[in-house]
Amino acid sequence: MLLARLADVSQQVAATSARSRKIGALAELFAGTRPGDVALVISYLAGRVPQGRIGIGWSVLKEPPPPADTPSLTVSDTDAALTRLAGVTGPGAQAGRKRLVRELMAAATAEEQQFLMRLLMGEVRQGALDAIALEAVAKAADAPAGDVRRAVMLDGSLPRVARALLADGPAALERFRLRVGSPVQPMLAHTAKSVTEAVQALQAACVVEEKLDGIRVQVHRTGEDIRIYTRSLDDITDRLPEVTAAAREMTGDHFILDGEVIALDDAGRPVPFQDIASRVGSRVDVDAARATLPLSPVFFDVLAADGEPTLDLPGGDRHAVLARLVPEPMRVRRTVVEDPASAQQIAAAEEFFADTLRRGHEGVLVKALDAPYVAGRRGRSWLKVKPVHTLDLVVLAAEWGHGRRTGLLSNLHLGARAADGTYVMLGKTFKGLTDEMLRWQTERLRELATGDDGFMVTVRPELVVEIAYDGVQRSPRYPAGVTLRFARVVRHRPDKPAGQADTIEQVIDSRS
């Protein structure tokens, strides 16, 4: 497939807010895609490259060579070029990458160059693309969307399911079944503002569980063979010997467990997420890392037991199976709300939430006891509740948007006040911005602009924005060594002078 065709459809999808039009455009694209190309096409449309981070920045991309007059670059040509780029290391790597990027760009038309720039900069944003692509694959193959969704849930890979489906038709879906040893996409949760709101929204008996700020893991055991997978389905078995040992001690030998890996300090409080991520991410000297920061698994669900799927069982029944397999110290703390109309039980659930926060955990999950485990979906039967933190920060720069945001300043660079009157950058966000907010901030930031390189507009530090975030974490990318987790814009604060924005000291203090 020509990259030009993919780039054109990407632009169509980004330019419309109508879900049906997005699905129609993608279905037409997939119907004309060779099964061997479909994995690349889906990845590129979602803004992902199979090679991962290649190390290409704006400094390499900002001056592309003259574009090709006619399209000839294919998606497989592009993949081969990116593989070569990813393999450039050692002395002279920067010059080598620049040369390969120029060769790739010279083979691309102007429209393809724009798409490649967005792809390499991580700027391909088209809104819930994976869910829309799934429905489009189903439409292209004339298969029931529900059957395709379940196949993807159980296999963990839309590209893999799409390749089989487009090659062999709906009958191919029979191949995708739950198998111990093959990772499954985890069930996710929607949000609620409070425990009371969550319980009332479910309108059924439910359980309130501690929400742990660790690494999500899925543990598979078949006999003595134990495999451990991350939320993104990466195999990390060799990095977590303590989890392997825990699974080996459990009752049963043919199961799949869902949980988190956490670490506690000497006072019994959870250590920061980044310390856990660093430990899990370490590929060298696992024994030394384990001695420095021992990890513990905590499980909250079971997807299979005794070789049989438990996904479709109600949550209450699944917990009974979990309790049979997993010792109580390794099960998540929880409290049950039998009657969602009981003020006394809701008050007890709110106290459980407050106690969870006092214990240092990030919040709770409220789960309907009669609901199945819907792998790979953000189900309405699971609702997460976390305290909301906000800061008033100053806009230091903004990046020009793409797709529906073309011509609008979107991604905001955020800074906190420093003691010397300057501003310290904490990160970037484009989340939370409505169309009206985008239009207003574009006009205002243009008035404050001090420079524009075609990608980013630098501005005088005068506009204050209220930012909600989930926490503060260490980051070597930013001057103060910290950044905000899941930052999103709540509102602009033109009424507030920059001199009253929050300070970097306040941000760092909020970590404790």
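Helix 7 is mostly covered, with eight of its eleven residues buried. The structure described here is a predicted model. The buried positions of helix 7 are Glu112, Gln113, Phe115, Leu116, Met117, Arg118, Leu119 and Leu120. Several helices contribute to their cover, including helix 1 (3-15), helix 3 (38-45), helix 4, helix 5 and helix 6. After helix 7 comes Gly122, which has a positive phi near 70°.

Helix 6, one of the elements that cover helix 7, comprises residues 93-106. Its 14 residues reach 20 Å from the first C-alpha to the last, close to the 20 Å expected at 1.5 Å a residue. Ala93, Gly96, Leu100, Val101, Leu104 and Met105 are the buried residues of helix 6. These residues cover an arc of only 165° around the axis, which puts them on the same side of helix 6. Their packing partners are helix 4 (58-61), helix 5 (75-86) and helix 7 (110-120).

The chain as a whole gives the setting for these helices. The protein chain contains 18 helices and 19 strands. Its radius of gyration is 25 Å, close to the 24 Å that the globule rule gives for 512 residues, so the chain is as compact as a globular protein of that length. The C-alpha trace spans about 65 × 60 × 50 Å along its principal axes. Of the 512 residues, 51% are buried. Among contacts in the chain with a separation of 6 or more, 70% are made by residues 24 or more positions apart.

Two sheets can now be considered in turn. One of them is an open sheet of five strands in the order 1-10-9-2-8, with mixed pairing. At its edges are strand 1 (188-191) and strand 8 (334-337), each of which pairs on one side only. On average, neighbouring strands of this sheet are turned by 35° against each other, direction ignored. Helix 11 (residues 195-202) packs on the sheet and touches strand 2 (206-211), strand 8, strand 9 and strand 10. The direction of helix 11 makes about 160° with that of strand 10.

How is strand 2 placed with respect to the rest of the structure? Six of the six residues of strand 2 are buried, so this strand is largely enclosed by the rest of the structure. Strand 2 runs antiparallel to strand 8, to which four bridges join it; within this pair, Val208 stands opposite Thr335. Strand 2 is also antiparallel to strand 9, and six bridges join these two strands. Here Cys206 stands opposite Ala368 of strand 9.

Strand 9 (residues 363-368) is in turn joined by four bridges to strand 10 (residues 378-385), again in an antiparallel arrangement. In this pair, Leu365 has Lys384 of strand 10 as its bridge partner. Helix 16 (residues 343-358) lies across strand 2, strand 8, strand 9 and strand 10, and runs at about 145° to strand 9.

The loop between helix 16 and strand 9 holds His361. Is His361 buried or exposed? The relative accessible area of His361 is 9%, and the residue is therefore buried, since the limit for burial is under 20%. Leaving aside residues up to four places away in sequence, His361 touches Glu210, Lys211, Leu212, Pro270 and Thr356. Two of these contacts, Glu210 and Lys211, fall within the range 206-211 of strand 2.

The other sheet is also open and has five strands, in the order 4-3-5-6-7, with antiparallel pairing. Strand 4 (225-230) and strand 7 (308-309) stand at its edges with a single partner strand each, so one side of each is left without a neighbour in the sheet. Strand 7 is joined to strand 6 (residues 296-305) by two bridges, and the two strands run antiparallel. Ala305 has Glu308 in strand 7 as its bridge partner.

Helices pack on this sheet as well. Helix 15 (residues 315-325) touches strand 5 and strand 6, and its direction makes about 120° with that of strand 6. Helix 12 (residues 241-248) lies across strand 3 (215-222), strand 4, strand 5 (254-262) and strand 6. The course of helix 12 is at about 130° to strand 4.

Technical notes. Residues numbered from 1 in each chain as written. Predicted model: local features only at pLDDT ≥ 70, side-chain atom pairs only at ≥ 80, totals over all residues. Heavy atoms only, no water. Pairing = 2+ DSSP bridges. Axes fitted to C-alpha atoms, helices over the stretch in contact; angles between N-to-C directions. Contact = heavy atoms within 4.5 Å. Buried < 20%, exposed > 50% of the residue type's maximum accessible area, 1.4 Å probe, protein only. Expected span 1.5 Å × (residues − 1). Arc of directions from axis to C-beta. Rg over C-alpha atoms; globule rule 2.2 N^0.38 Å.
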